[in-house]
Amino acid sequence: MPTSNAHPQLRIDIVSIFPDYLAPLELSLVGKAREAGQIDVRIHDLRDCTQDRHRTVDDTPYGGGPGMVMLPEPWGDALDSILGSDPSRTPVLVVPTPSGERFTQAHAAKWALGDWLIFACGRYEGIDSRVMEHFGERIHVAEVSLGDYVLAGGEVAALAVTEAVVRLLPGVLGNSESVVDDSFAPGRMADLVEGPVYTKPPLWRGLEVPEVLLSGHHGRIEAWRLEQAHERTRTRRPDLHGETPSGDMAD
Ligand code: SAM
């Protein structure tokens, strides 16, 4: 069901051994987009694609070492079945992993233009590498990381990426203007984080809202916001401008 002539409905499939982990996709912005038919979200239990009575999805790693690795067979069957369900779409297989390319707003913007995202949520030590190798020969595979830390599974990453993409779809956000001023938004904010924001009352616990924001002078307000975005980016995210962050972990 297309949402408009210009934009096809985005289908999102998520494969996990913890389907209940994806329950937040029924809430808030993503939940409303589902209800409105703007997106079609389907959650799959990887264990439904196992062949043994224990519904096994993992085994010990070749080469030894601690932990378990996810078996290629259930992943192959699950992804074959999903891919076979709609040959008319162009899928992107998103595989969250700490060893992936850092997920950014640019990925979100690109995937919001597409019509199909499939998430493979790993657990344990991750998914047997041949799964990404095999599907990489058939469709676009994007191994992405949320950041330089290790989560217990890919579900949180699937939730984060889904929300980042869905809020960019036409008609999903109430005020589409807000996307333009967001941190990392294409255009003048591309390499910037947003500056501080304020609401009523003008004085709270002795702290005042910056005078310029009460001035009603649109030009001055815009200039101030941009200046604040630059200042905040310079102090908090110097890496966005090619500088090395101070890396002071105590902060
Ligand atoms: N042994 C892996 C490594 O060192 O790269 C970590 C595996 S982690 C415990 C299990 C799963 O959590 C991964 O397969 C991935 O799906 C997910 N995960 C963990 N950290 C992540 C991150 N920073 N970004 C995206 N996914 C992550």
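Q: Where in the chain is Tyr124 found, and what is its phi?

A: Most residues other than glycine have a negative phi, and most peptide bonds are trans. In this predicted model, Tyr124 is found in the loop between strand 6 and helix 4 (129-136), where helices (H or I, at least four residues) and strands (E, at least two) are DSSP runs numbered from the N terminus. The phi of Tyr124 is near 55°, a positive value in a residue other than glycine. At 38% relative accessibility Tyr124 counts as partly exposed, given that buried means under 20% relative accessible area, exposed over 50%, and partly exposed in between (1.4 Å probe, protein chains only).

Q: What should I know about the numbering and the model before reading on?

A: Residues are numbered from 1 along each chain as its sequence is written, and side-chain values use heavy atoms, with hydrogens and water left out. Since this is a predicted model, local features need pLDDT of at least 70 and side-chain atom pairs count only at pLDDT 80 or more, while totals for chains, interfaces and linings use all residues.

Q: What is the phi of Arg205, and is this residue buried or exposed?

A: Arg205 has a positive phi of about 50° although it is not a glycine, and its place is in the loop between strand 8 and strand 9 (207-208). With a relative accessible area of 73%, Arg205 is exposed.

Q: Which peptide bond is cis?

A: The general idea is that most peptide bonds are trans. Here the bond from Lys200 to Pro201 is cis, with omega near 5°, and Pro201 is found in the loop between helix 6 (177-180) and strand 8 (203-204).

Q: How should I read helix 5, and how many of its residues are buried?

A: An α-helix has 3.6 residues a turn, so residues three or four places apart point the same way. Helix 5 (residues 155-166) has 12 residues and reaches 16 Å from its first C-alpha to its last, close to the 16 Å expected at 1.5 Å a residue, the expected span being 1.5 Å times one less than the number of residues. Of these 12 residues 9 are buried, so helix 5 is largely enclosed by the rest of the structure; among the buried ones are Leu159, Val161 and Val165. The buried residues pack against several elements, including strand 1 (10-16), helix 1 (28-35) and helix 3 (105-112).

Q: With which residues is Val156 of helix 5 in contact?

A: Contact means heavy atoms within 4.5 Å. Leaving aside neighbours within four places in sequence, Val156 is in contact with Tyr21, Leu146 and Leu151, and at 34% relative accessibility Val156 counts as partly exposed. The C-alpha atoms of Val156 and Leu22 are 134 residues apart along the chain, yet separated by 8.3 Å.

Q: What surrounds His107?

A: His107 has its place in helix 3 and counts as buried at 8% relative accessibility. Apart from neighbours within four places in sequence, His107 is in contact with Glu101, Arg102 and Val144.

Q: How many disulfides does the structure hold?

A: A disulfide is a pair of cysteine sulfur atoms within 2.5 Å, and the structure holds 0 of them. Cys49 is in no disulfide, and the nearest cysteine sulfur, that of Cys121, is 14 Å away. Cys121 is buried, with a relative accessible area of 0%.

Q: How many helices and strands does the protein chain have?

A: The protein chain has 7 helices and 9 strands, and 40% of its 251 residues count as buried.
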